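Let's take a walk through a protein together, one piece at a time. Keep the picture open as you read, and look for each part when its name comes up.

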Amino acid sequence: MWRGSLQSLLSSIPLSIRRGRPVRLARGSIFLPVDLRRPYTPQPERKRFYQNVSISQGEGGFEINLDHRKLRTPQNKTFAVPSETLALAVATEWDSQRDTIKFFTMHLTTLCNTALDNPSQRSRAQLITAAVKFLETDTVCYRVEEPPALVELQKNEWDPVIAWAEKRYNVSIGSSTSILGPSIPQSTKDTFIGHLASYNTWALHVLLEHWRDDYPTSSIPINEDLTTLGTSKRIEYMITQLKSLILSMGLLDKNLTVEQAVLLSRLEEEYQIRRWGTVEWAHDYDLYELRARTAAATLFVHLCSESSTVKHKLMQD
């Protein structure tokens, strides 16, 4: 459904690159010319200082050990996660680093730090309320009135997603071309509040939380000193990065794949890219980065809800 109509419609639009002027999107956002876009700045790297990565069970959960040192959060809390499978996944991120530690590849570690430190200091109830509020501005509910090709594209690709959500949760959602968006019934909001309440607090952080530009990736005690390991770029997870509660629920319920959810969240942008062309490598980088972050967030929610444990493993090169 979604792939066939999207590809057939977009393939009919000429792929011409017009770099000399800005391009305005349907809802007012702008593609900037190459010379006006912010250049990509590689994140700092640090030489790998540990040999072995292992996990162990402590009072607060499953901990990550680099050689004989315990991983700690930026706020100097013990890095302890609720499930052994999540601990193994995080340990794999650290074990896969080679000569240098590439912090931008360690999405699960960053997500765990967000859940442990809660930098925004939001309560469980506040997280759920903020997540449901996204229904009022959900990407798939906002529609354009022109051009006709984009109107058709949104109808073909977004309508089935809304129909799935309405049937799955027995709610009314709808869509609108008004700048105010659709009028979401309170009963629909209450249903999603109840559904989100079934997730643990760790999952709720990742559904909604975003990572601050100035927040460290992790901290390790070395020679009894707390050494901060780099700073991550801002990573907006799940609902905030897809700009859609509906797409996020589709992902978690396995109605959508990561690739489908990301493409549907970028529908207008992809339409404009096919029409006006890409800006150097920037659009591809944004797409792949969004896929990686979304995949990590989806995996995180499932792993932090995993109650089973697996046999203890010592991970070595």
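Which residue in β5 is the bridge partner of S56? The partner is E63. Before we follow that bridge further, please keep in mind that what you see is a predicted model.

The bridge belongs to a pairing between β4, residues 53-58, and β5: these strands run antiparallel and share six bridges. The two strands make a hairpin, and two residues sit between them. Now stay with E63, because it also has a partner in β7, where A80 is bridged to it. Strand β7 covers residues 80-81 and pairs with β5 in the antiparallel sense over two bridges.

Strand β5 has a further companion. Two bridges connect it to β6, residues 69-70, and again the strands are antiparallel. One of the residues to look for is L66, whose bridge partner in β6 is R69. Here, too, the strands form a hairpin with two residues between them, and D67 in the turn has a positive phi of about 55°. How many of the residues of β5, which spans 61-66, are buried? Six of its six residues are, so to speak, under cover.

Let's step back for a moment and look at the whole protein. It contains 12 helices and 11 strands. Of its 317 residues, 50% count as buried. The accessible surface comes to about 15,400 Å², and carbon and sulfur atoms account for 51% of that. There is also a lesson here about how the chain folds back on itself: among contacts between residues at least 6 apart in sequence, 69% join residues at least 24 apart.

What lies inside? The largest nonpolar core has 77 residues, and I64 and F300 are those with the most contacts inside it. Find F300 and look around it. Leaving aside neighbours within four places in sequence, F300 is in contact with L86, L108, L111, C112, A115, W202 and V206.

Next, turn to the helices, beginning with α4, residues 124-133. Its buried residues are L127, I128, A131 and V132. Seen down the axis of α4, these buried residues fall within an arc of 125°, so they line one face of the helix. A general rule helps to make sense of such a pattern: an α-helix has 3.6 residues a turn, so residues three or four places apart point the same way. On the face turned away from the buried side of α4 you will find the exposed residues A125, T129 and K133. And what do the buried residues of α4 pack against? They pack against α6, α7 (201-208), α8 (238-242) and α9 (245-252).

Helix α10, residues 258-265, is mostly covered: seven of its eight residues are buried. The buried ones are V258, Q260, A261, V262, L263, L264 and S265. One of these, L264, leads us to another helix, since W158 is in contact with L264. W158 lies in helix α5. Is W158 buried or exposed? With a relative accessible area of 1%, W158 is buried, because the cut-off for that word is under 20%. Setting aside neighbours within four places in sequence, its other contacts are T139, V140, Y142, R143, L267 and E268. W158 and L247 are 89 residues apart in sequence, with their C-alpha atoms 9.6 Å apart in space.

Our last stop is the aromatic rings, where the count comes to five aromatic pairs. One of them is formed by Y169 and F192, a tilted pair with 5.0 Å from centre to centre and 50° between the planes. Y169 lies in helix α5 (residues 148-169) and F192 in helix α6 (residues 186-196), so the pair ties together parts that are 23 residues apart in sequence. Both Y169 and F192 are buried.

There is an aromatic cluster to find as well, formed by F49, Y50 and W94. F49 lies in the loop between β3 (46-47) and β4, which brings us back to the strand where we began. At 22% relative accessibility, F49 counts as partly exposed. In sequence F49 is 50 residues away from D99, while in space the two are 8.7 Å apart, C-alpha to C-alpha.

Key:
Residues numbered from 1 in each chain as written. Predicted model: local features only at pLDDT ≥ 70, side-chain atom pairs only at ≥ 80, totals over all residues. Heavy atoms only, no water. Buried < 20%, exposed > 50% of the residue type's maximum accessible area, 1.4 Å probe, protein only. Helix = DSSP H or I, 4+ residues; strand = E, 2+ residues; numbered from the N terminus. Phe/Tyr/Trp six-rings, centres within 6.5 Å; stacked < 30°, edge-to-face > 60°. Pairing = 2+ DSSP bridges. Core = buried A, V, L, I, M, F, W, Y, C linked by side-chain atoms within 4.5 Å. Contact = heavy atoms within 4.5 Å. Areas by Shrake-Rupley, 256 points an atom, 1.4 Å probe, with all protein chains shown as cover. Arc of directions from axis to C-beta.
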